Amino acid sequence: MTASDLPRNAGMPFDPAVVEAVRVNTPATLRRAATIPARRSVKKDHQAAWLARAVSMIDLTTLSGDDTPGRVRRLCAKALSPVRADLLEAIGLPDLTTGAVCVYHDMVPVAVEAVAGRIPVAAVSTGFPAGLSPFHLRLREIEESVAAGATEIDIVISRRHVLAGDWAALYDETAQMRAACRDAHMKAILATGELGTLKNVMKASMVTMMAGSDFIKTSTGKEAVNATLPVSLTMMRAIRAYDAAAGFKVGYKPAGGVSKAKDAITYLALLKEELGDRWLRPDLFRFGASSLLGDIERQLEHHVTGRYSSSHRHAIG
Ligand SMILES: O=C[C@H](O)COP(=O)(O)O
């Protein structure tokens, strides 16, 4: 299934009442989030299957100033063959790829050629990570990446509109970005670590979904605080509220600092509890991660062989 086959979020007219109605019980959210990692919601013998599913939902990412075509080609090769064939065979999987690759605009042509249509190419955009370049150039960057073959665009929102409570401005900018994406799927990066409160996270989630975002994504990976469980719980609840109001299922993408296999399982267990099995698929969930795949592959090797490829690795807690 390619991006263009997937349903798109048509959005809904901006409704300030929806934003004003937002309520977040922060202490309760923090308490609930604190209990999640301790729960053994995934049985040990199911872990391999969950880890393989996590791999299929990774946007394998490189977003560094020293990125080169060679590095991006190696990233794409890994995305197309993320787990050793002997390990896949041992866990009974015929084939596996990551959900997508995610790169800066200038690396899109290299990635498009390297993946040869087998998985989507996502481009970060709109002046990533700060999102403070001239607005017309932010829209132009989207258009250029789509023209270069990116079928998924990860935009960054203007945090100042959230911090000022200017929800109409946030809606308007996001809607214009969505229009610039044309057929490409749009993920709205909220940079939640810079939004101050969980209430602002919930409001920004609702506004960007009303403006037509197909996914909402926690972070650029460049903030001081990126994906967390309390923020994830809040954004998943926003997605559920939007589905109830608009009848559309928006995807969720935690990004930044998700680097351990046990964390991936925790996120998936939370997703299953909060949104249900339908979200446990690449069209509605992605990890934005650059190093998570390495730890998952090491855990899969231990599951199959009883050994770790490097001595410093520890079993999933
Ligand atoms: O989605 C993109 C993030 O920048 C990935 O962050 P990470 O390098 O901490 O995995």
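**Figure 1. Val-101 and its surroundings in the nonpolar core.** In this predicted model, Val-101 touches Leu-60, Leu-75, Cys-76, Ala-79, Ala-111, Val-115, Ile-119, Pro-120, Val-121 and Ala-122, leaving out residues up to four places away in sequence. Val-101 belongs to the largest nonpolar core, which has 93 residues. Leu-268, Phe-287 and Ile-296 are listed with Val-101 as the residues with the most contacts inside this core. Apart from it lies another core, of seven residues, including Leu-63, Cys-102, Ala-122 and Val-156. In soluble globular proteins, nonpolar side chains tend to be buried together.

**Figure 2. The cover over helix α3.** Helix α3 spans residues 47–55 and is mostly covered, with seven of its nine residues buried. The buried residues are Gln-47, Ala-48, Trp-50, Leu-51, Ala-52, Ala-54 and Val-55. Which elements cover them? The cover includes two strands, β1 (58–61) and β8 (287–289), and two helices, α12 (261–274) and α13 (292–305).

**Figure 3. The ligand and the residues around it.** The ligand is surrounded by Thr-61, Leu-63, Lys-217, Thr-220, Gly-221, Ala-255, Gly-256, Gly-257, Gly-288, Ala-289 and Ser-290. By type, this shell divides into three nonpolar residues, seven polar and one charged. Oxygen atoms of the ligand lie at short listed distances from polar atoms of the protein in three places. A backbone N or O atom of Thr-220 is 2.7 Å from a ligand oxygen atom. For Gly-257, a polar backbone atom is 2.8 Å from an oxygen atom of the ligand. In Ser-290 the polar atom belongs to the side chain, and it lies 2.6 Å from an oxygen atom of the ligand. Taken alone, the ligand exposes 310 Å², and the protein buries 84% of that.

**Figure 4. The loop between β3 and α7.** This loop runs between strand β3 (121–124) and helix α7 (135–147), and Pro-129 is in it. Phe-128 and Pro-129 are joined by a cis peptide bond, with omega at about 0°. Thr-126 is found in this loop too. Although Thr-126 is not a glycine, it has a positive phi of about 55°. Most residues other than glycine have a negative phi, and most peptide bonds are trans. Is Thr-126 buried or exposed? Thr-126 has a relative accessible area of 0%, so it counts as buried.

**Figure 5. Ala-191 and Glu-223, residues of two loops.** Ala-191 is in the loop between strand β5 (185–189) and helix α10 (198–210). Its phi is near 50°, a positive value in a residue other than glycine. Ala-191 is buried because its relative accessible area is 0%, under the 20% cut-off. Glu-223 has its place in the loop between β6 (215–217) and α11 (229–246). Which residues does Glu-223 touch, not counting those up to four places away in sequence? They are Arg-159, Ala-191 and Glu-194. Glu-223 has a relative accessible area of 6%, so it is buried.

**Figure 6. His-161 and Val-162 in helix α8.** Helix α8 covers residues 159–163 and contains His-161. Val-162 is also found in α8. Why does His-161 count as buried? Its relative accessible area is 11%, and buried means under 20%. Val-162 is buried as well, with a relative accessible area of 1%. Leaving aside residues up to four places away in sequence, His-161 touches Asp-166, Ala-169, Leu-170 and Glu-173. On the same terms, Val-162 is in contact with Ile-157, Trp-167, Leu-170, Leu-195, Asn-200 and Ala-204. Leu-170 therefore appears among the contacts of His-161 and of Val-162. From C-alpha to C-alpha, Val-162 and Gly-196 are 9.2 Å apart in space, and they are 34 residues apart in sequence.

**Figure 7. His-185 in strand β5.** His-185 lies in strand β5. With a relative accessibility of 8%, His-185 counts as buried. Which side chain makes a polar contact with the side chain of His-185? It is the side chain of Arg-8, at 3.2 Å. The C-alpha atoms of His-185 and Ala-48 are separated by 30 Å, and the two residues are 137 residues apart along the chain. Ala-48 is one of the buried residues of helix α3.

Notes:
Residues are numbered from 1 along each chain as its sequence is written. This is a predicted model: local features need pLDDT of at least 70, side-chain atom pairs count only at pLDDT 80 or more; totals for chains, interfaces and linings use all residues. Side-chain values use heavy atoms; hydrogens and water are left out. A nonpolar core is a set of buried Ala, Val, Leu, Ile, Met, Phe, Trp, Tyr and Cys residues joined through side-chain atoms within 4.5 Å. Buried means under 20% relative accessible area, exposed over 50%, partly exposed in between (1.4 Å probe, protein chains only). Contact means heavy atoms within 4.5 Å. Helices (H or I, at least four residues) and strands (E, at least two) are DSSP runs, numbered from the N terminus. A residue is near a molecule or strand if one of its heavy atoms lies within 4 Å of it. A polar contact is a pair of N or O atoms within 3.5 Å; within protein, one must be able to donate a hydrogen and the other to accept it, and residues adjacent in sequence count only if both atoms are side-chain atoms. Accessible areas come from the Shrake-Rupley method with a 1.4 Å probe; for residues, only the protein chains shown count as cover. Ala, Val, Leu, Ile, Met, Phe, Trp, Tyr, Cys and Pro count as nonpolar, Asp, Glu, Lys and Arg as charged, and the others, Gly among them, as polar.
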